[in-house]
Amino acid sequence: MARWVCSVCDYEYVEEAGDPATGIPPGTPFEDLPGDWRCPPRCSAGKEAFVRAGEEEVETNDEDYL
């Protein structure tokens, strides 16, 4: 099971644990969260603000290859 991190406040959604406080049972994959699900404890960011832990985007530019 995966972990997802909010890029706004660093809250972690752990699929194994779910989010029982908002009715999301343990074992719920991030992709199966409702479209209107929000970061629960702090910032209320939407799912689009989350990044899978260990898969953060790395920016590159042409100078990286010189």
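Let us begin with disulfides: in this predicted model, the structure holds zero of them. For those new to the term, a disulfide is a covalent bond between the sulfur atoms of two cysteines.

Why do Cys6 and Cys43 not form a bond? The sulfur of Cys6 has its closest cysteine sulfur in Cys43, at 3.6 Å, and this is too far for a bond. The cut-off applied here is 2.5 Å, because a disulfide is counted where two cysteine sulfur atoms lie within that distance. Seen from the other side, the closest cysteine sulfur to that of Cys43 belongs to Cys6, again at 3.6 Å.

Are these two cysteines buried or exposed? Cys6 has 0% relative accessibility and counts as buried. Cys43, with 28% relative accessibility, counts as partly exposed.

I turn now to the sheet. Strands of a sheet pair through backbone hydrogen bonds, either parallel or antiparallel. In this model, three strands form an open sheet, and their pairing is antiparallel. Which order do the strands take? The order is E2-E1-E3. At the edges stand strand E2, residues 12-14, and strand E3, residues 50-52, each of which pairs on one side only. On average, neighbouring strands of this sheet are turned by 25° against each other, with direction ignored.

Let us look at one pairing in detail. Strand E1 covers residues 3-6. How many bridges join strand E1 to E2? There are three, and the two strands run antiparallel. Within this pairing, Val5 stands opposite Glu12 in E2.

Key. Residues are numbered from 1 along each chain as its sequence is written. This is a predicted model: local features need pLDDT of at least 70, side-chain atom pairs count only at pLDDT 80 or more; totals for chains, interfaces and linings use all residues. Side-chain values use heavy atoms; hydrogens and water are left out. Buried means under 20% relative accessible area, exposed over 50%, partly exposed in between (1.4 Å probe, protein chains only). Two strands pair if DSSP finds at least two bridges between them. Helices (H or I, at least four residues) and strands (E, at least two) are DSSP runs, numbered from the N terminus. Axes are lines fitted to C-alpha atoms, for helices over the stretch in contact, and angles run from 0 to 180 degrees between N-to-C directions.
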